[in-house]
Amino acid sequence: MHQFLKEIQNRFPIHDVKEQRKNLTLFTTEKEQVVPLLTHLRDHEGFTHFVLLTAVDWIEEDLFQLTYILNNPEKKVDLGIRAYIGRENASMESAHHLWEQVATYQRELKEMFGIDFPGSPRVDEEFFLEGWDDIPPMRREFDSKKYSEETYFPRPGSKSHDPGEYMKQKLYSDDYEEEE
Amino acid sequence: MTMKKKNDILSRLFGKEHRPQENKHNQPADADSGKSSDAGKGGGTGSVPGSDSGASGEAHYSDHNHNIAPDHTEDKYPRNGKDGKPEVDLSSGKYTKVWQGPNHPGVTGNMSLELTICGDEIVDAKTHVGYLHRGFEKLFERRLYMQVMPTCLRMCVPESDTNEYVFSEAVEELSGIEAPEKAKWLRMLVLEMSRLQMLLRVVPGQGGAFGLGIGVQWGMYVRELILDLFEELTGGRIYHMYMLPGGVRGDLPEGFRERAIKTMDEVYRFAQRIDDVMFNNSVFKKRATGTGYIDPSWVDRFGIVGPNARAAGYNRDVRKDHPYLLYDQLEWEVPVLEKSDVYTRARIRWMDMQVTADLIKQILNKIPEKGSFKAPTPNALNWRIPRGETYVKAEASRGEFGYYVVSDGSAYPRRITLRGPSYTHAIALLEKMLIRTNIADVGAIMVSLQTCPPEIER
Amino acid sequence: MSKLKDILSPFTAWNNLARDPVTIKDPINDRPGAARYRGFHQNDIEKCIGCGACESICETGAIRMVEVDEVETKEGDSGLRPEVDYGRCCFCALCVDICSTGSLTLSNEYIWVDEDPEAFTFVPGIDKKPWDNNQDGWKKPEPDYELNIKERVRMPEMQAEERENSFVEIVKGYSREQAIAEADRCIDCGLCQATCPAHMDIPDYIRAVREENLKEGFRIMYKTNPLPEVCGRICTHKCEDVCAMGHRGDPIAIRWLKRYIADSVDENEYQEALQQENPKDKDKSIAIVGAGPTGLSAAYYLALMGYSVKMFEAQPRAGGMMRYGIPEYRLPYNALDQDIDYILSLGVDIQYNTRVGKDITLDALHEKYDSVLVGTGLHAGKSTRIPGTDHEHVYQAVDLLREFSKGNEIPISEKIVIIGGGNVAMDITRTLARLQNQKYGQVNITTTSLETEDVMPADQEEIDEAREEKVNLKPGWGPQKIEIENNKIKGLHVQRCLSVFDENGRFNPQFDESQTDFFEGDMLIEAIGQGMDISYLSKSIRDGLDFTQRGRLVVNDYFQSKQEWLFIGGDIIQGPDVIHGIANGHKAARGIDMYLRGDLRYE
Ligand SMILES: Cc1cc2nc3c(=O)[nH]c(=O)nc-3n(C[C@H](O)[C@H](O)[C@H](O)COP(=O)(O)OP(=O)(O)OC[C@H]3O[C@@H](n4cnc5c(N)ncnc54)[C@H](O)[C@@H]3O)c2cc1C
Ligand code: SF4
Ligand code: SF4
């Protein structure tokens, strides 16, 4: 394990540490710890390059996973920090003051997942989706297929057949009895 | 490789211009860097050919050093509000709002800027995207992993191959498959060809943004030659769909090696000609030098990567820092310059272009004759990827380009998201940079950042 | 100075005036797509089987499998063909790369346009296009570039040395990982289902393996086949012959996956997994003659319908040829019993050691029961009738196999000659090889057939394994005469067989008298086929039945005979193999049900 991980472990509650590659380690921490941890990593561990922030919807567990990826340009390692927050009224402490581009990521997450970052600049401004009137579309319960079928007008085309079913009708419909 | 030989290659390519850089600015960012940076003052030792020690440039630099919205009192500029953004009182009659975009000006793509101007000077800028949001990351939810391949590459239109690569690599990593050696070489070839055709557009495009159209046509011609090679190798010109989890989709065609090596001569010739008409053009120099200055201390603060960081003195290149594929078997030096303006960034790309041509020749000579180009992979229709997550990155022409991929163990990805350089270059950074610049320079600054909206909104 | 240079240097652009233009003069004609170009589709209609793998991989939804007049639906070919909508196609060519047969390619045509938007949806290969014969364009890269695994997961088997003198089952069965990996190869086209005589829901139960939903897979199998333990081992797997994956690689090991599911459910979990019972709510009763696969299958489905079923079986145990023919090393008795016990547990009554026609007449059954099904199979071995076959040490394969299965002592000499090239011949050969090993510590068997090895009806794996077990195989010889000296068999005279069938496909072997051989042996076994014994059909019944000119019994689609109360199925009618018996039994059960409700007539 990297030396810095041991250091971090002494200061912050981290778990589920996974060394994915030599230059990429991921771990989980509590959501309250994220901003202090990011600050610590930036200021004391050389993780000065903020790579990305994104969310993963674990709808089955009613959780959003937030993943922050940082990079240490000196040591040339990446670090993935996971935190889980409830899906209901999802909200997370903002990290916009640490790197300038973080506010943009947070604005996107607000729009696409409905995760709020109170205090983050322009977090409520429309970003990609001007005039969107449905639920945040990256949430798993948003059914893009249904949405497009209801919103657009598919060009009617020929009917597609399942080969197995089609052969049943053509060749042996008589032999076959669906169970009631 | 000896240091001497290394320098030989570089000096052959760039003459005295090239200065290998120490990672001078690789310290944690100074959170408050409104102050002037030492880099501007003579820190840049990489001289511009033909310019005498860049004296005029320096004057400009100091002019622009206060770009990060300082809370000043001068009447001409609006005061900054609590969030650090200027508070514009439109009713005062001093300011005008203009929209630039979202028409597609060529290299910079469909996005628009909401500019607040005072005279012809910009006092506030907001980036607007959303004109080409295609929802790819949502679409992936109902794509089999193999079906992601032809979709994901559209996330970055002009340089689609990087998408193919990072996606394939991520799937391979999560499923414990390794692409055969030959596939790795072929992937590098395609990635470098992809970088090259992109640079052939952007380098002369910088002149285009100032009204110098002639190099653009030349670049397009050489780019077409590269696209011909792509067509031969991959079956497509723009969307190559050549890399897929497990390897690549074809070996080198007969005679390809020789034709490709010959084509590189055209690239060098083009580099020479664009040097003559653009880089040594007094008008271009005047417009580009000192314009669009990026303070080196912003690099980490804004997450600046690629040529934009390398023109500010940072030696950062994923190919070197996190060697992937077989890049560690190639010999080259990462171009780094320091003046950090439009001119320098164009120059960095011009150098990159030739390094890339050089790499392509090296790769072509190293691709093994024998061996398979695709590892066996399970039935594409039922391929379930073990639960896990990874972030895989590569160096695109614009810098660090990565995919974060999460698998829930099913045949469909749980989440794939793209980290593209423009996400920060074209929003946080551009919005800051434009303040106090002249409206006539906006296009040129965008080109110099190589903004690419499709990778912002996916 | 340099300032001046900056003003002058751009003028070098004028140099271009002296250069030749780089434009292509006539791009429409001078610029064909590259040899790998991904342009409009081509499809070799004869080669395509309408499996729909192309449709499944297409991420843009550009492909639809449509009916076309030019192609007929038949076994192994759905008759559907892919239609491509170029409003959607992104020219990725994944459809080409995954195409099961290699019929689909992309041409290098990219210039074609049409004023009518509908023209951009067509069926490649059916709707004729100018590029149909273009040689250039995207083809699946060769070799070893695949989007699936061509080779099936190898079945772990006992090695030749281990099995030489043992009747323990040779095939060991897939592990969980192996089964899932094999199930993953399936492209879910369903082409196999039409060919399976029982039309088992193959893709569905394979999916159950993949999704590790084995109880569900078990229920799916029982819908059409109540003998999955048996079929998972010894089915003739006609389905695998038409498997789409078989066109460019190994077909899916459908049989082994069936076995994997069947083996995964313990005997005591059957009730829980299947949740079935015989409601016995019908006041009609049915007699079934013969407890082979036909009879057992019919009994199962009739019991589930609520009928009282009574079976009559000449032998002391149920199973027919599955027990008394197929050797234990291929089909262990416990697997067979597991299937049979479950069927009988549904309240099916069976009376053993009762030969209809001898111990009880068919007419009596007709009187007592509302309907009768006979599935008595083929048990009378056929003879070559060459000189010497009447010798007491000339045996019929089926007789020996039956006796051995019953646990009775059978004669085993030191040198044996066997005549026959089918699977029965291999079964008796390999059974006797084991017994010779046990008794004499070595094998000395010559098995000879008319057919040369490439056309021998036995499965290739049977032939290979027999060789591994040190049997001397002599294909391509015609038996002429058994050499007998002092009333002892010495061996078999043979002549080279030139052809087995004549132009009309009739059995009419031709020999080369100049090429002869002699196979030594002191015991001789014939395994050239079996005939039926239907002497239980009394004259009055027989007179009311239809026969073909060649003397075959005629039944309708539901295996109902002209004597409408009498249903006949299995080897006597169709096959011969277990799965036909099962399918016939199922269909006959439905026929009987319809007949008893007054819904079915012979014509
Ligand atoms: C050696 C050998 C190997 C074989 N291997 C395979 C194989 O690997 N795979 C495969 O699919 N098939 C195989 N077969 C064929 C398969 O066993 C038969 O096709 C199948 O069993 C036929 O089923 P059936 O119901 O028609 O008749 P059978 O299985 O023959 O059953 C008929 C039953 O009726 C009983 N019976 C007959 N006459 C009377 C009567 N008058 N009164 C009462 N009962 C009577 C018999 O005792 C028997 O139990 C093999 C056959 C043999 C001989
Ligand atoms: S080329 Fe790609 S998009 Fe077009 S039909 Fe084939 S699979 Fe579909
Ligand atoms: S995958 Fe090939 S064989 Fe199957 S339907 Fe498509 S074109 Fe025909």
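The following exchange examines helix packing and ligand surroundings in a predicted model.

Colleague: Why are α15(B) and α16(B) called oblique to each other?

Modeller: Their axes cross at roughly 140°. An angle over 145 would count as roughly antiparallel and one of 65 to 115 as roughly perpendicular, so a value in neither range, and not under 35, is oblique. The pair is therefore oblique. The helices span residues 422-433 and 442-449 of chain B, their axes come within 11 Å, and the crossing is right-handed.

Colleague: Which residues of α15(B) and α16(B) meet?

Modeller: From α15(B), H425(B), L429(B), L430(B) and M433(B) meet I445(B), M446(B) and L449(B) of α16(B). By class, this contact comprises six nonpolar residues, one polar and no charged.

Colleague: Why are α8(C) and α12(C) also described as oblique to each other?

Modeller: The angle between α8(C), residues 202-210, and α12(C), residues 254-264, is about 55°. Roughly parallel requires an angle under 35 and roughly perpendicular one of 65 to 115, so an angle between those ranges counts as oblique. Hence the description of α8(C) and α12(C) as oblique. Their axes are 10 Å apart, and the crossing is left-handed.

Colleague: What meets what in the packing of α8(C) with α12(C)?

Modeller: I202(C), Y205(C), I206(C) and V209(C) of α8(C) meet I254(C), L257(C), K258(C), Y260(C) and I261(C) of α12(C). The contact holds eight nonpolar residues, no polar and one charged. Lys counts as charged, whereas Tyr counts as nonpolar.

Colleague: What makes the pair formed by V171(B) and S175(B) a polar contact?

Modeller: A polar atom of the S175(B) side chain lies 2.6 Å from the backbone oxygen of V171(B), and the cut-off for such a pair is within 3.5 Å. S175(B) belongs to helix α6, residues 161-175 of chain B. Leaving aside residues up to four places away in sequence, S175(B) touches W383(B), I385(B) and P386(B).

Colleague: How do you know that ligand 1 has polar contacts with I234(C), E313(C) and H379(C)?

Modeller: A nitrogen atom of ligand 1 is 2.6 Å from a polar backbone atom of I234(C). An oxygen atom of ligand 1 lies 2.6 Å from a polar side-chain atom of E313(C), and an oxygen atom of the ligand is 2.7 Å from a side-chain N or O atom of H379(C). Each of these pairs meets the limit of 3.5 Å. Among the 34 residues around ligand 1, these three come nearest together with T294(C) and D571(C).

Colleague: Which residues come nearest to ligand 3, and how does its shell divide by class?

Modeller: C48(C), C51(C), G52(C), C54(C) and C99(C) come nearest, out of 15 around the ligand. The shell has nine nonpolar, six polar and no charged residues; Cys counts as nonpolar and Gly as polar.

How values were computed:
Residues numbered from 1 in each chain as written. Chains lettered and ligands numbered in written order. Predicted model: local features only at pLDDT ≥ 70, side-chain atom pairs only at ≥ 80, totals over all residues. Heavy atoms only, no water. Axes fitted to C-alpha atoms, helices over the stretch in contact; angles between N-to-C directions. Helix = DSSP H or I, 4+ residues; strand = E, 2+ residues; numbered from the N terminus. Left-handed = near helix turned anticlockwise from the far one by under 90°. Contact = heavy atoms within 4.5 Å. Near = heavy atom within 4 Å. Polar contact = N/O pair within 3.5 Å; in protein donor to acceptor, adjacent residues only side chain to side chain.
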